[in-house]
Amino acid sequence: RGIVSALNRPVDSKAQSAMKYIQTDAAINPGNSGGALVNMYGQVIGITSSKYVSSSYEGLGFAITINQALPVIQELMEQGYVSGRVRVGISFISMQNEYAQAQFSEEVGVKDPEPDGVWITEISEDCDISHTELAVNDVIVSVEGKNVNDYDSLNAAIAGKVGGDTVKAVCRRYRKDGTYQEFTISFQLMEDTSGNY
């Protein structure tokens with residue numbers, strides 16, 4: 001029916017900077033997420049984002065408020081990117097996922113790796129992190145003293161940092177026998193002007 005049942009609803013209460021959403025029963029499907037949530041006057045009040053799927057619940061959809069989305073939209077239109085965002089320069093997979101652990105074991109040849117950290121699958125050569133000891137198939141376990149296990153925890157660890165800031169990360173390099181060597185790297189974050197989010 002398009003009923004709004006809650007405002008300022010945090011979806012991920014674990015995230016330090018949990019965004020607040022509009023909760024609605026408007027249909028949100030794979031083909032229309034990212035579309036407009038409009039009021040009865042046709043005014044855009046939000047951008048549909050996600051829905052809660054469960055056998056015992058129906059119609060729990062969430063939209064980013066237009067007040068939160070508009071500054072991002074305006075910056076993208078004016079300069080092609082959102083200022084203040086940073087790039088680390090890595091692609092990774094969370095080691096908390098059992099499938100990822102199995103993939104890691106096969107790729108690196110290690111049985112039963114620790115189920116924490118992020119497995120580095122790619123390092124961007126244009127970023128400062130590429131000049132450190134870090135290599136593909138290493139695992140980053142913490143950044144700035146905070147445990148890192150996924151995209152959200154990495155973002156939380158570098159929250160408030162800007163391009164040019166130096167951060168420290170604790171990494172692991174596994175040996176075939178399952179043991180690992182821990183080492184620390186320091187690198188500068190880069191301002192992200194790519195516009196790819």
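R173 is partly exposed in this predicted model, with a relative accessible area of 25%. R173 forms a salt bridge with E133, and D138 also forms a salt bridge with R173. In the pair with E133 the closest N and O atoms are 3.7 Å apart; in the pair with D138 they are 2.7 Å apart.

The location of the partners shows what these contacts join. R173 lies in strand 11 and E133 in the loop between strand 8 and strand 9, so this salt bridge ties together parts that are 40 residues apart in sequence. D138 lies in the loop between strand 8 and strand 9 as well, so its pairing with R173 ties together parts that are 35 residues apart in sequence. The two acidic partners fall into separate accessibility classes: E133 is partly exposed, at 41% relative accessible area, whereas D138 is buried, at 2%.

A third pair involves K161 and E144, whose side chains meet in a salt bridge at 3.4 Å, N to O. K161 is placed in the loop between helix 3 and strand 11, and E144 in the loop between strand 9 and strand 10 (146-147), so the pair ties together parts that are 17 residues apart in sequence. Both ends have some accessibility: K161 is partly exposed at 24%, and E144 is partly exposed at 33%. Elsewhere, D116, R172 and E182 are joined into one network by salt bridges that share partners. A search of the whole structure finds six salt bridges. The three pairs described above are set out below.

| Salt bridge | N to O distance | Sequence separation |
|---|---|---|
| R173 and E133 | 3.7 Å | 40 residues |
| D138 and R173 | 2.7 Å | 35 residues |
| K161 and E144 | 3.4 Å | 17 residues |

**Overall architecture**

The protein has three helices and 13 strands. It contains 197 residues, of which 29% count as buried. Among contacts with a separation of 6 or more, 49% are between residues 24 or more positions apart. The exposed surface comes to about 12100 Å², with carbon and sulfur atoms supplying 47% of it.

**Nonpolar cores**

The largest nonpolar core consists of 21 residues, and I129, L134 and I140 have the most contacts inside it. At least two residues of this core come from each of strand 8 (118-123), strand 9 (139-143), helix 3 (151-157), strand 11 (166-174) and strand 12 (180-188). Strand 11 is thus a contributor to the core and also the element that holds R173.

Neighbours within four places in sequence aside, I129 is in contact with V88, G89, I90, I123, L134, I185 and F187. One of these partners, L134, is itself among the residues with the most contacts inside the core. Another core lies apart from this one; it has eight residues, including F104, V108, V110 and W119.

**Cysteines**

The count of disulfides is zero. A disulfide is a covalent bond between the sulfur atoms of two cysteines. C127 is buried, with a relative accessible area of 1%, and C171 is buried at 0%.

**The N-terminal strands and helix 1**

T65 is found in strand 5 (residues 60-65). T65 is buried, with a relative accessible area of 17%, which places it under the 20% cut-off. With neighbours within four places in sequence left aside, the contacts of T65 are K20, I22, I45 and G46.

A27 lies in the loop between strand 2 (20-24) and strand 3 (36-38). At 56% relative accessibility, A27 counts as exposed, the cut-off for that class being over 50%. A27 and G61 are 34 residues apart along the chain, and their C-alpha atoms are separated by 7.2 Å.

Helix 1 spans residues 66-79 and includes I73. Together with L70 and M77, I73 forms a nonpolar patch on the surface, and the accessible area of the three is about 290 Å². I73 is partly exposed, at 31% relative accessibility; residues in such a patch must have over 30%, so I73 meets that cut-off.

Technical notes
Residues numbered from 1 in each chain as written. Predicted model: local features only at pLDDT ≥ 70, side-chain atom pairs only at ≥ 80, totals over all residues. Heavy atoms only, no water. Helix = DSSP H or I, 4+ residues; strand = E, 2+ residues; numbered from the N terminus. Buried < 20%, exposed > 50% of the residue type's maximum accessible area, 1.4 Å probe, protein only. Contact = heavy atoms within 4.5 Å. Areas by Shrake-Rupley, 256 points an atom, 1.4 Å probe, with all protein chains shown as cover. Core = buried A, V, L, I, M, F, W, Y, C linked by side-chain atoms within 4.5 Å. Disulfide = S-S within 2.5 Å. Patch = residues over 30% accessible without salt bridge, like charges linked within 9 Å, V, L, I, M, F, W, Y side chains within 5 Å. Salt bridge = Lys/Arg side-chain N within 4 Å of Asp/Glu carboxyl O.
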